[in-house]
Amino acid sequence: AKYRKPKPASMDEHEYVENLFTCLCAALALPKIQELFLNLEGVSLVLILIQKQKFLRLSATKVIDFAIMNNSRGCLRVIKRKGLKVLFALLMKCGTKKTKDSEKTDFEQHLISSFHSIFTYIFETDESVNSQDKKICSAAIKTLNKKFMQNDFEKTDRLMELCFADK
């Protein structure tokens, strides 16, 4: 498709893309828009963007954060679409020397907020959640336990570094 460029050609194009993502985040503050975004497979698309378009990682992570904030269906969708794998990869990669400090801080904040939303949802499932979704959450809890304990707790250490780093 002609709209799938590897990277914006100019600073104007880059700014335009950033502004589009910012508008999307503002719209996702509304629960009705969050539901529409989920129904249109927005989470899947954004997870693909995070994986394949490096220059969009910050903006796409911000969109994921806004899409799942206070939204149990959004968290479940991220879990079902293998988003934990993507988010854990970002967790271990974030903070590279190539990013500016302000971008790094934004990126880290949105990543931590996304993990917070997911953790809150999977540990607070109640009677309104159907049995299939409870099984998915149970499997996600096991995955989280394994992920945080593997390689001598490196992901736990990394998350603590991000949460308690001197800013």
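## Overall picture

Of the 167 residues in the protein chain, 37% are buried. Keep in mind that this is a predicted model. The accessible surface adds up to about 10700 Å², and carbon and sulfur atoms own 56% of that.

As for the fold, there are 8 helices and 0 strands, so following the sequence you simply read α-α-α-α-α-α-α-α. Take the contacts in the chain with a separation of 6 or more: 71% of them come from residues 24 or more positions apart.

## Aromatic pairs

How many aromatic pairs turn up in the model? The count comes to 4. One of them joins Phe-88 and Phe-115, with 5.1 Å from centre to centre and 55 degrees between the planes, which makes the pair tilted. Phe-88 sits in helix 6 (residues 83-93) and Phe-115 in helix 7 (residues 101-123), so this pair ties together distant parts of the chain, 27 residues apart.

Are these two rings on buried or exposed residues? Phe-88 is buried, at a relative accessible area of 2%, and Phe-115 is buried with a value of 2% as well.

## Along helix 7

Phe-115 also pairs with Phe-119: the ring centres are 5.7 Å apart and the planes meet at 35 degrees, so this pair is tilted too. The two residues are 4 apart in helix 7, so about one helical turn separates them. Phe-119 has 22% relative accessibility, so it counts as partly exposed; the cut-off for buried is under 20%.

Put the ring pairs together and you get a cluster of Phe-88, Phe-115, Phe-119 and Phe-148.

Terms used
Residues are numbered from 1 along each chain as its sequence is written. This is a predicted model: local features need pLDDT of at least 70, side-chain atom pairs count only at pLDDT 80 or more; totals for chains, interfaces and linings use all residues. Side-chain values use heavy atoms; hydrogens and water are left out. Buried means under 20% relative accessible area, exposed over 50%, partly exposed in between (1.4 Å probe, protein chains only). Contact means heavy atoms within 4.5 Å. Accessible areas come from the Shrake-Rupley method with a 1.4 Å probe; for residues, only the protein chains shown count as cover. Rings of Phe, Tyr and Trp (its six-membered ring) pair if their centres lie within 6.5 Å; planes under 30 degrees apart count as stacked, over 60 as edge-to-face and the rest as tilted.
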